[in-house]
Structure formats: C-alpha cells, structure tokens
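Work through the exercises below on charged side-chain pairs. Each task is followed by a stepwise solution.

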Amino acid sequence: MSILIIWLAAVVALCNGCDIDQVKSLAPKHLSGGWSQAADYSNADIEALMQHAANAEGATNQGVVKGLQVTEAYTQVVAGTNYCIRFSAAGSCSGDRCQSVMGCVAGGFKPLGATATVTSNNVQCPPACNITEVRENSKKGLMGGWRSGSSNDVDQLHEMVYKIAGVRKGSPNEVYTQVVAGTNYCMSFQSGGFEDCKEGSCSPLTCVASGHLPLPVDGQPASLQQIGVRCQPAMLLKGSVGEVSGMDNAGSSSRKIFLASVLTVPFVAMVVA
C-alpha cells in the first residue's frame, strides 16, 4: 500500500505542472514508473522544454523573456515521458537588454512517437522576497515577524540559489528569518557575475533570495522549498546606467544586461505584517 501511495504521489506531482520539491524527494526511491534525475541536462528534449516554457504565456506574464540554463531536471516514463525542470531565465527585457535573472520551474510531457515533441505546462517563477520590506519589518520586533540573523540552513539556501540563477557564489549581505509553520528565509548577497562569464570580464551582481523550510514530518528533516531568486547587475556608480556582457551557455554570443540602479521584486510567497 505504501508503495502505491508513493507512486500516486509521483503521478500527482505533475497534474498541475510540477512540484519540483516533491519530485526531487521521490527520485532517490527509484520506483518502477517513478521519477529519476536526468543524466544529461543538455538533452535536446530538456533544452526544448526550457525554451518552450520560457515562451509560454504563463512565463511571459511573470516577466520571463528567455531561458538561459537548466539547473535541475527529472524524468518519468508514463505512456511517454514527463519532465520536471528548474531553469534560470532572463526577465524584464527590452530587446536584448535584460534587468534580471530568475529561477523558474516547469513541467512538460512528450508523448510516444517518432515525430512527437515536448510541451510545457504551468510555468512558475517564484518571486524573491522584498528585502526592503523585510528589513523594515524586522525593526518592529513583531511576534511572528522577521528577525535579523543567520542559521545553518542559510548556507543551504545560498548554495541552491546561486545554482538556480546560474551565477557565481558570493557572500551574504543580509539574512532574515521568520517562523511561520517552519521557517521563512530572506537574504541578499553579492555575486562575482554569471557562472559562464570569462575571467576578467565578469560584472558583479546583486541578488535577493528567499525560501521556506517546513517543520519536520515524522521526525524526518524537511528540505528547503519555495525558493525564489532574482539577480541583477550591481550599480557601477550612483545613478549610472550602462551595459555589461557575459558569454551565453554556448560561449558564442553575448547576454546583454541593462543596469538598473534599484532592484525591485514582488513579494507574494510570504506576507509581511
């Protein structure tokens, strides 16, 4: 019975897109007909899914313009192949100039057949926390509000978000926590630039990230969920606007980023009192 329940959970995980946190927890169980981690993230179908997801109406409504790099990918063979991926995407673009990089999740399906193609469904790009609002809330000392401080889980969040956004790991600037049915996290950090930029031509980035760590279940520790991240070029000079370039994944063309002096992101996942 327990195996059937786990298998049903694996199927349900894709009914409304894909719950990548649930899929990730199911993959190591290696169930027959269950999810498994993809061996090659550059697989043509996975790349096609990322681009299809980035162009989907749900993604463009969230400010996505183009997919940049797949950072996690899982597959499930059920009368075809289900896909669940996490990818970094460029957002808030005008032409080839983009203000931000974000982490998105998308589910997809490729039916059987030699001419079948993969399509995406329910693309989600979780918003990062609004660091300004969180900072101000922490000063009020409210019960159930945000608190300035760090914990061991912040290192885990930091490790995950820099991979999700495809940027180099940097040092946290601010860290805030909020206890609500687990722990919410909000942090800002500096990055040395895009992961694939050439040495000597990397431009610094300012990033904001958030996540939620649920309470343990049956004594088993939970993993971070609802991870949102936004990165954009750090301001060179006060009030300055300019352009920087970083090599794309193929290493052949430039990814132009429009420098904005203020990072503003919507705050939806966690409510600030």
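At 25% relative accessibility, Arg-135 counts as partly exposed (buried is under 20% relative accessible area, exposed over 50%, partly exposed in between, with a 1.4 Å probe and protein chains only). The model is predicted, so local features need pLDDT of at least 70 and side-chain atom pairs count only at pLDDT 80 or more, while totals for chains, interfaces and linings use all residues. Residues are numbered from 1 along each chain as its sequence is written, and side-chain values use heavy atoms, leaving out hydrogens and water.

**Exercise 1.** Find the salt-bridge partner of Arg-135 and place both residues in the fold.

Step 1. Apply the criterion: a side-chain nitrogen of Lys or Arg within 4 Å of a carboxyl oxygen of Asp or Glu.
Step 2. Arg-135 meets this with Glu-174, at 2.8 Å between the closest N and O atoms.
Step 3. Arg-135 is in helix H5 (residues 131-138) and Glu-174 in strand E7 (residues 172-179), so the bridge ties together parts 39 residues apart in sequence. Helices (H or I, at least four residues) and strands (E, at least two) are DSSP runs numbered from the N terminus.

**Exercise 2.** State how exposed the two partners Lys-139 and Glu-136 are.

Step 1. Their side chains form a salt bridge, 3.2 Å from N to O.
Step 2. Lys-139 has a relative accessible area of 59% and is exposed.
Step 3. Glu-136, with 39%, is partly exposed.

**Exercise 3.** How many salt bridges does the structure hold, and which residues are linked in a network?

Step 1. The count is 6 salt bridges.
Step 2. The network links Lys-24, Glu-72 and Arg-86.
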